[in-house]
Amino acid sequence: MGNYPAEELCWRSIMLKPRLIPCLLVQNQGLVKTVKFADPKYVGDPINAVRIFNEKMVDELMVLDIDAARLGREPDYRMISNLANESRMPLSYGGGGRSAEQIERIIALGVEKVAVSSAAVANLELISQAAQRVGAQSIVVVVDVKKTGLLRRYEIVTHNATHRTGIDPADFIREAASHGAGEIVINTVDRDGTMVGYDLELIEKLRSATSLPMTVLGGAGSLEHVAALWKVQGMIGAAAGSMFVFKGKYRAVLINYPNPTEKARLLAASGKF
């Protein structure tokens with residue numbers, strides 16, 4: 001982890017750019033993909049995916065265990081250690097962390113950032129406690145957002161979108177920031193796995209709620225979707241799952257990521273960089 005070739009370090013340090021982040025979902029130590037948080041489909045071995053993304057000079061990698069919190073299970077420390085040892089890019093991990101001690105243990109395994117979601121919604125003090133132990137820069141708060149009810153209002157949901165909280169996401173983001181979060185990830189449940197594009201209306205609303213670094217997830221199906229996001233939001237992280245795992249209209253499994261030239265064209269297409 002962190003042992004980049006000299007030319008890769010040079011490429012990464014040219015100038016500050018928004019991050020393009022593959023998000024891997026794991027279930028029972030396998031790599032899966034979902035649609036609107038349902039029907040997980042096995043697509044491969046997460047360690048193999050990490051190795052491929054290493055070669056593709058990925059900006060950052062996010063790995064989320066989708067069952068740990070729902071089942072009340074401890075983080076899979078062995079799997080996390082294996083992922084961290086294999087990764088040559090900054091690694092963010094989420095799933096099962098419910099205490100500052102668990103989060104500190106995950107960081108000690110070589111993970112740069114720990115993502116917390118339902119545990120932070122249930123207890124905002126967890127953010128403060130964890131930030132004191134490992135630093136705010138290592139605490140990422142993931143906000144799963146879904147349109148609910150007859151009025152189709154945005155609401156935070158937890159436990160793989162099976163539990164409605166009644167919490168307004170903008171209000172919660174402000175609270176998370178005040179409790180020491182270092183980054184916010186907006187995960188749009190209604191767009192998960194659909195590959196139809198980001199929910200730009202939601203992102204605009206929530207981006208104005210905080211000045212913290214923000215990453216958005218849910219809906220990206222092409223680099224054009226990423227360019228459209230950056231054109232509107234500028235310096236914001238763009239995360240995606242299906243776009244980096246599937247290829248073509250038949251959604252054949254193929255790990256992919258733009259090369260440096262393609263990434264430069266993508267940035268230029270946004271008109272912001």
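Two exercises with worked solutions follow.

The model is predicted: local features need pLDDT of at least 70, side-chain atom pairs count only at pLDDT 80 or more, and totals for chains, interfaces and linings use all residues. Residues are numbered from 1 along each chain as its sequence is written, and side-chain values use heavy atoms, without hydrogens and water.

**Exercise 1.** Find the strands that are joined to β7 and give the direction of each.

*Solution.*
1. Define the terms. Strands are DSSP runs of E, at least two residues, and helices are runs of H or I, at least four, numbered from the N terminus. Two strands pair if DSSP finds at least two bridges between them.
2. Take β6 (residues 113–116). Three bridges join β6 to β7, in parallel. Ala-115 has Val-140 as its bridge partner in β7.
3. Take β10 (residues 183–188). Six bridges join β10 to β7, also parallel. Here Val-141 stands opposite Ile-184.
4. Take β8 (residues 153–158). Four bridges join β8 to β7, antiparallel. Lys-146 stands opposite Glu-155.
5. Check burial (under 20% relative accessible area is buried, over 50% exposed, in between partly exposed; 1.4 Å probe, protein chains only). In β7 (residues 139–148), eight of the ten residues are buried, so the strand is largely enclosed by the rest of the structure.

**Exercise 2.** Describe the pair of Trp-230 and Phe-273.

*Solution.*
1. Set the cut-offs. Rings of Phe, Tyr and Trp (its six-membered ring) pair with centres within 6.5 Å; planes under 30 degrees apart are stacked, over 60 edge-to-face, the rest tilted.
2. Apply them. The structure holds two aromatic pairs. Trp-230 and Phe-273 are edge-to-face, at 6.4 Å centre to centre and 80° between the planes.
3. Compare accessibility. Trp-230 is buried at 0%, while Phe-273 is partly exposed at 32%.
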